[in-house]
Amino acid sequence: MERNGLIDIGSNTIRLVIFEFKTNTGLNEIQNIKTPARLSQYLTEDLYMTEEGIKVLIEALHSFKKVSDSFNVDRLFPIATAAIRQSQNKDEIIKQVKEAVGIDIIIIPEEDEAFYGSYAVTHTTSIEDGVTVDIGGGSTELTYFNQKNIKEAISFPFGVVTLKEKFFKDKEHNDKDAIKAMEKFLKAEFKRVKWLNDKQVKLVGVGGSARNCARIHQSLIQYPIAGVHGYTMTKKDLKEVLQVIRKSDRDDLNNLDGLSRDRADIILPAVTVFNVLFEIIDAKAFTFSRKGIREGFIMNQIGKNRPDEFNKENVLKDALKHLANEYKIEVTGAKQRVKLAESLLDQLIELKKVEISDTLKAQFLQGAYLYYLGEFIDSDSSSQHTYYIIANSSINGLTHKERVRLALLASFKNKTLLKLYSDETKWFSDDEVSDIQTLGGIIKFANSMNISNTNTVNKIKLESEKDTYTLTAFYQGEPIAEAYQSNRQKKHIEKIIKAPLTVNFTKS
């Protein structure tokens, strides 16, 4: 295990995040606090940080260092972006911080800032091609990646705070003329970047402004599950959020669900940037990634000593492994359940009793591995806990609908509970729910064949003759519990084959 602290010194906020890394559960955030320092407002016209700004910075760093010390971090990384990077007196700032706090600020170059954000997206989502946008207080970073390889990157010397100062100084936050002028400016700036035009890929937002945009929309539509990592919006959705912000006065914004109060006066420039970019790249969708520059930086640091970690080709596989380890799923028993479930499914497909896609089969196998992980909390209500944990956990590599489908498969108990859970989102058609019920029933039956977790049943064979079906379980050891449970749960298979099923146990 190792703990790394990262102080993100941005133009708008200064944030401390403490990450804990374990090989079996991956990278997890255990502390996250911030202060809205607005350092960019302390830059003079000739880009010198004032003494007042340096004092604000030192006070925040002093406080955050105390917190990180109390968490016994192994390494602390104070990284600075646009506000310090653009300062003509940055050497003096670094010197004063070193003398007052005893830490060395790491200034992140523009190209590295864009790289870390894009690195986090490609290593924590399943998106193959996209354009990332990270708008901070004083700069905006864009990257284009194809097949998860970064192809282009650019940093613009404007962010939410500087756009506010440039277009809305002494004006209302939603002044119509100011908005028109800002939109014209943004279109001109982005259009001169040739590789952005008509890319027709997903626009991926990272950072606080994108997170607030996603949360506002979730609030507007009363989104039924938790988490914004992987949340996807259409062009219409983005425009709706922008219209809500434009029509809201200052008091309304302060009380707008999903919007942090310290971003109320700068959210409109950010959402305008997202809308303009969406049009210019002709985006397929706007997706939010909760993982950005901070995660990208820390993952890179850990990866230097652990090159096998954070494989962008294994994002989902690693995420599910870490989830299983976190909830103490017994590996040998889980693998045996998957083996039996896959064998039974393949035989039912061969008998033309089931027909599913390769994608759905992959989720079926994932559900079989994670089946009833909620037992870790309470065995009597393991189905309910399993559904809630998976449906509301940010799982890298899954869309929100895929996440809920996985939750439904891994928590399957009966048709009644399946309907109760699926009605929460209403994302699945009757045919999709029927498929989930079929696959969930197979998982539950396969689980009954290894209910003792002793792997006594090593093979199952389903045979049919005329209208009769027999399932032979080949075993070693004492399958008393398995014989009892499989006869209790065979009804799930009988629903699929639409005939009685005889279960025989034969010593192998």
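Helices (H or I, at least four residues) and strands (E, at least two) are taken here as DSSP runs, numbered from the N terminus. The model is predicted, so local features need pLDDT of at least 70 and side-chain atom pairs count only at pLDDT 80 or more, while totals for chains, interfaces and linings use all residues. Residues are numbered from 1 along each chain as its sequence is written, and side-chain values use heavy atoms, with hydrogens and water left out.

On this basis the protein holds 20 helices and 14 strands, and its C-alpha atoms fill a box of roughly 85 × 45 × 40 Å along the principal axes. Of the 508 residues, 53% are buried (under 20% relative accessible area, with a 1.4 Å probe and protein chains only). Contacts (heavy atoms within 4.5 Å) reach across the sequence: among those between residues at least 6 apart, 70% join residues at least 24 apart.

A good place to begin the tour is helix 12 (residues 315–326). Its 12 residues should span 16 Å at 1.5 Å a residue, and the end C-alpha atoms are 17 Å apart, which agrees; the expected span is 1.5 Å times one less than the number of residues. Buried positions in helix 12 include Val315, Asp318, Leu320 and His322. The buried residues of this helix pack against strand 3 (26–35), helix 4 (110–124), helix 14 (358–369), helix 15 (382–391) and helix 16 (400–410). Lys328 follows helix 12 with a positive phi, near 55 degrees.

Turning to the strands, an open sheet of 6 strands with mixed pairing follows the order 8-7-6-9-11-10 (two strands pair if DSSP finds at least two bridges between them). Strand 8 (149–156) and strand 10 (232–233) each have a single partner strand, so these edge strands are left with one side lacking a neighbour in the sheet. Within the sheet, strand 9 (residues 202–206) and strand 11 (residues 286–289) run parallel and are joined by 4 bridges, with Val204 bridged to Thr287 of strand 11.

The largest nonpolar core has 113 residues, and Phe190, Leu196 and Phe274 have the most contacts inside it. Such a core is a set of buried Ala, Val, Leu, Ile, Met, Phe, Trp, Tyr and Cys residues joined through side-chain atoms within 4.5 Å. Helix 10 (residues 267–281) supplies the largest share of this core, 11 residues. Beyond its neighbours within four places in sequence, Phe274 touches residues including Val133, Leu203, Cys213 and Phe286. Another core, of 25 residues, lies apart from the largest one, with Ile9, Ile58, Leu61 and Ile84 among its members.

Note on methods
Buried means under 20% relative accessible area, exposed over 50%, partly exposed in between (1.4 Å probe, protein chains only).
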